[in-house]
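Colleague: I would like a close look at the side-chain contacts in this model, beginning with a charge placed over an aromatic ring. Please go on from there to the rest of the local geometry in one connected account.

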Amino acid sequence: MSLGRLAALAAAACGLVVASAAPAEARVERFAVLIGNNAGEKGEVELRYAEDDAAKMHDVLKDLGGFPPANLVLLRSEGAETVRRTLITMNDRVRAAMSSPDTDVLYLVYYSGHADGNALHLGPTPLSLTEFEQLVRGSAASARLLIVDSCRSGALTRAKGGTTAPPFVIRLDQRLAGQGMVTLASSSGNEDAQESDELKGSFFTHALVSGLLGTADVDRDGAVSLEEAYRHAYESTLRATSRTWAGAQHPTFRYDLRGQGKLVLTELPVHASSRGVLRFPAGRSYLVMRDASEGPVAAEVGASDATRTISLRPGRYFVRGRGPDFLLEGSVEAEAGKTVDVGDERLSRVMFARLVRKGGGVREVAHGPVAGYEMRTPLVEGSSLCHGGFVGYGIELQQMSLAARLSACHSAFRNEHLTASNDDLGLDVRLSHAWDLPVITLGVGVDAGLAVMRQRFETQGYAPDRLGLAGAFGAGAGANIDLLGGLYLGVEAAAQTYVFKQQRAGGGEGAIAPSVAARLRVGVGMSL
């Protein structure tokens, strides 16, 4: 198998943890080399998660795959010569293990990093794809598993993959040393494999690791097979990448194993006494981070996953569940030998606007309409309060909020000589900053706008209607209380200065002058 379609094989590096179902009388030894390198050749943008993905694979293999720590080698930021020597040394160890009576060997090699159609880019040192493949294929192991995740950096969801090259043929129909070889690939043809800042890793590796932790166990027999893991990783990767700018990514799978039964990748009940299990309700997806909300992503349970449990190391985890217009967030303790149900009552509901302000990568912007009641104190002495309503639309960014409001209100004036009615139509724009508290969100801001004011008079004399224009600016504070269904109750209070032409007493020529008023708004909005 020559590695040229590294994007197809390339992302295969998403990890496998084979626990081979060898004949009952045979002892199975498991060896693995996991290679991650964020650095590439000169001019290639440094990756963020290649080394982390290799570490995730290492942990799953050690914890649930039956790979002894002494048989696991994790290489991070190492050059071509170190990788070459490590593979040669591991081949020697595999050959020695195979010489023991009644012993089968499973050998797994994983790579995540830069590459092109000819070589892996281990920092500035290339390693020929042909040589790399031969070092794995030439192993004496009973079963060999090659996984390669080649990456290219981008934006929030960036493309991973080597420079474009013609796809190569993986010749798995020829007889291999030992009993066979398996290749998983996170993409097909010349597709790019992709990684995500929210997941802190590649889509395929993330999906595969989550499956191996339990969500791929469709038949619920406590063991995740190769077929189950691949199917889960394929569907999850395709579903997640269909929403990215690079487009849908189609993992591929080919193998040629002779004399093998069902390939079991992880066995969950065997480790139940030393692991904690989290069980999630159906209907939404959940992302699980270690320690806190900014911690490493441990696993994900998809909304469409039939199996709703994952096996984790004991400890504290931060859980984020996705609703249609909100998230559920909170900390959960995974205890050894226990199953914890992560129901909605354990988590706090968080509106999307709060997620934007947190800057966690879940949402870049939140927005939505708002409408409600408005009251303003008089602009001229003797007038009544101005009652009315407003409609508007707001945009929530990480550092600030921007909202536009169209308002209308009515007030009246009466004395012994005349009765007047005042109708104001205003448009203002508000710039503010918010602070999220456990129950309420507080904000302060400034605004500016224009208002059209019309006065009508009733008198025994002659008093024509007046039409005027006012400029307004002010500052104030507000509070929002989250409700159900993406709705929130908002209250805003502001001190406003209006500048407009005011009529002098006695009917003389008017002059432009300021007038200060207080404004109160109460409304209901929706965050989209």
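Modeller: The charged end of R521 sits over the ring of F390, 5.3 Å from the centre of that ring. This is a predicted model, and everything below is computed from its atoms. A second contact of this kind involves R376, whose charged end sits over the ring of Y498 at 5.2 Å from the ring centre.

The strand numbering leads from F390 to the disulfide. Strand β23 covers residues 386-396 and starts with C386, while C409 lies in strand β24, residues 401-414, so the bond between these cysteines ties together parts that are 23 residues apart in sequence. The sulfur atoms of C386 and C409 are 2.0 Å apart. A search of the whole structure finds one disulfide. The link of C386 and C409 is right-handed, with 90° about the S-S bond. Both ends of the link are shielded: C386 has a relative accessible area of 1% and is buried, and C409, at 6%, is buried as well.

Next come the contacts between rings. The count of aromatic pairs is three, and two of them are described here. In one of the pairs, the ring centres of Y111 and F132 are 6.4 Å apart; their planes meet at 65°, and because an angle over 60 degrees counts as edge-to-face, that is the class of this pair. Y111 belongs to strand β3 (residues 103-115) and F132 to helix α3 (residues 129-137), so the contact links distant parts of the chain, 21 residues apart. Y111 is buried, with a relative accessible area of 0%. F132 is likewise buried, also with a value of 0%.

Y230 and Y234 form another aromatic pair, with 6.0 Å from centre to centre and 45° between the planes, which makes the pair tilted. Here the setting is a single helix: both tyrosines lie in α5 (residues 226-241), four residues apart, or about one turn of the helix. Their exposure falls in two classes. Y230 has a relative accessible area of 16% and is buried, because the limit for that class is under 20%. Y234 reaches 26% and is therefore partly exposed.

Helix α5, which carries this tilted pair, also packs against another helix. The axes of α4 and α5 are 8 Å apart, at an angle of about 135°. The two helices are therefore oblique to each other; the class called roughly antiparallel would need an angle over 145 degrees. The crossing of α4 and α5 is right-handed.

Helix α4 (residues 203-215) packs with helix α1 (residues 50-64) too, with the axes 11 Å apart and an angle of about 15° between them. That angle makes α1 roughly parallel to α4. In this case α1 passes α4 in a left-handed crossing. Helix α4 thus takes part in an oblique packing with α5 and in a roughly parallel packing with α1.

A contact between residues far apart in sequence involves F352. This residue lies in helix α6, residues 352-358. F352 is buried, with a relative accessible area of 8%. F352 and S527 are 175 residues apart along the chain, yet their C-alpha atoms are 6.7 Å apart in space.

Two loop residues remain, and the backbone is the point of interest in both. Most residues other than glycine have a negative phi. S77 is not a glycine, yet its phi is positive, at about 60°. It sits in the loop between β2 (72-76) and α2 (80-98). With 48% relative accessibility, S77 counts as partly exposed.

D291 also has a positive phi, of about 70°, although it is not a glycine. The loop that holds D291 runs between β15 (286-290) and β16 (297-301). D291 has a relative accessibility of 55% and counts as exposed, because the limit for that class is over 50%.

To return to the starting point, the charged end of R521 lies over the ring of F390, and the charged end of R376 lies over the ring of Y498. The disulfide joins C386 to C409, with both cysteines buried.

Notes: Residues numbered from 1 in each chain as written. Predicted model: local features only at pLDDT ≥ 70, side-chain atom pairs only at ≥ 80, totals over all residues. Heavy atoms only, no water. Disulfide = S-S within 2.5 Å. Buried < 20%, exposed > 50% of the residue type's maximum accessible area, 1.4 Å probe, protein only. Phe/Tyr/Trp six-rings, centres within 6.5 Å; stacked < 30°, edge-to-face > 60°. Lys NZ or Arg CZ within 6 Å of the ring centre and 35° of its normal. Axes fitted to C-alpha atoms, helices over the stretch in contact; angles between N-to-C directions. Parallel < 35°, antiparallel > 145°, perpendicular 65-115°, else oblique. Left-handed = near helix turned anticlockwise from the far one by under 90°.
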